[in-house]
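Student: I've got a chain open in the viewer and I'd like to know what justifies the labels people put on it. Can we go through them one by one?

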Amino acid sequence: MMDQLTKNYFDIQIDRLESVFGERAFSGERCKLIWRAVERLSWKSFERICDHLIASCRHAPLPKDFADAVRAEIKNQPRAQKEDAPYVILCECCLDSGVCQARGRRSEQVYFIRCTCEVGEKSHHIELPMWVDTFADVFERRAIDHTEWKPNRFDPNHPIASIQDKVNLWRAKMRASKAFWAGET
Ligand SMILES: [Zn+2]
């Protein structure tokens, strides 16, 4: 990306923050975490975030505040720009999959539910109940363990393996239909 944040520009902005909040708040370890949270942004986005933090924070912002600000920044960007940053996870609850797990606090029974975030709300095709706050008494919500979804874990008899058969059948039907209407049968 042309406007990609550089380490040099990052350091300049950190200097600005230090001048406001003091140097101690931006130790090497914290700066490393802040860099990790923002390194994929454009320099403009990072500057906007720093402006916002300087304007609104009474105390020195923590790496977590930067991570939150990055999420807010990406959310507010038009879609075209969002595509420049598809690696930023907007919802930590479902990891932007729209689906979470609800795990019973006592029973440890696990259910799948739709997340309350934007992705979850738009996932009307997923026939799962949506999380509501009252579930929290009984369930703990957490992201799905996506390692379970690795393709090598698929059962070869899983329906997905039969999709090619369905496609072939559909093509054969289309051919037969065309031939019929063309009067070839
Ligand atoms: Zn979500």
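Tutor: Sure. Keep in mind that this is a predicted model. Let's start with the strands: five bridges join β1 (residues 99-104) to β2 (residues 110-114), and the two run antiparallel.

Student: What makes β1 and β2 count as paired strands?

Tutor: Pairing takes at least two bridges between the strands. β1 and β2 have five bridges, so they qualify as a pair. Arg103, for instance, stands opposite Val110 in β2.

Student: And what joins β1 to β2 in sequence?

Tutor: They form a hairpin with five residues between them. In the turn, Glu108 has a positive phi of about 65°.

Student: How do you know that β3 pairs with β1?

Tutor: Use the cut-off of at least two bridges again. Five bridges join β1 to β3 (residues 139-143), so that is a pair too, and it runs antiparallel. Here Ala102 has Arg141 in β3 as its bridge partner.

Student: On to the helices. Why are α3 and α4 called oblique to each other?

Tutor: α3 (residues 43-56) and α4 (residues 63-76) pack at an angle of about 120°, with their axes 10 Å apart. Roughly perpendicular covers 65 to 115 degrees and roughly antiparallel needs over 145. An angle of about 120° fits neither, so α3 and α4 are oblique. The crossing of α3 past α4 is right-handed.

Student: Which residues meet there?

Tutor: From α3 you have Ser45, Arg48, Ile49, His52 and Leu53, and from α4 Asp65, Phe66, Ala69, Val70 and Glu73. By class, that contact has five nonpolar, two polar and three charged residues.

Student: What makes α1 roughly parallel to α3?

Tutor: α1 (residues 7-21) packs against α3 at an angle of about 5°, with the axes 11 Å apart. Roughly parallel means under 35 degrees, so about 5° earns the label. On the α1 side, the contact involves Tyr9, Phe10, Gln13, Arg16, Leu17 and Val20; on the α3 side, Trp43, Phe46, Glu47, Cys50 and Ile54. They divide into eight nonpolar, one polar and two charged.

Student: Where do these pieces sit in the whole chain?

Tutor: The protein chain has seven helices and three strands, in the order α-α-α-α-α-β-β-α-β-α. Of its 185 residues, 15% count as buried.

Student: What does buried ask of a residue here?

Tutor: It takes 20 or more other C-beta atoms within 10 Å of its own, and 15% of the 185 residues pass that test.

Methods:
Residues numbered from 1 in each chain as written. Predicted model: local features only at pLDDT ≥ 70, side-chain atom pairs only at ≥ 80, totals over all residues. Helix = DSSP H or I, 4+ residues; strand = E, 2+ residues; numbered from the N terminus. Buried ≥ 20, exposed ≤ 12 C-beta atoms within 10 Å, placed from the backbone. Axes fitted to C-alpha atoms, helices over the stretch in contact; angles between N-to-C directions. Left-handed = near helix turned anticlockwise from the far one by under 90°. Contact = placed C-beta atoms within 7 Å. Nonpolar A, V, L, I, M, F, W, Y, C, P; charged D, E, K, R; others polar.
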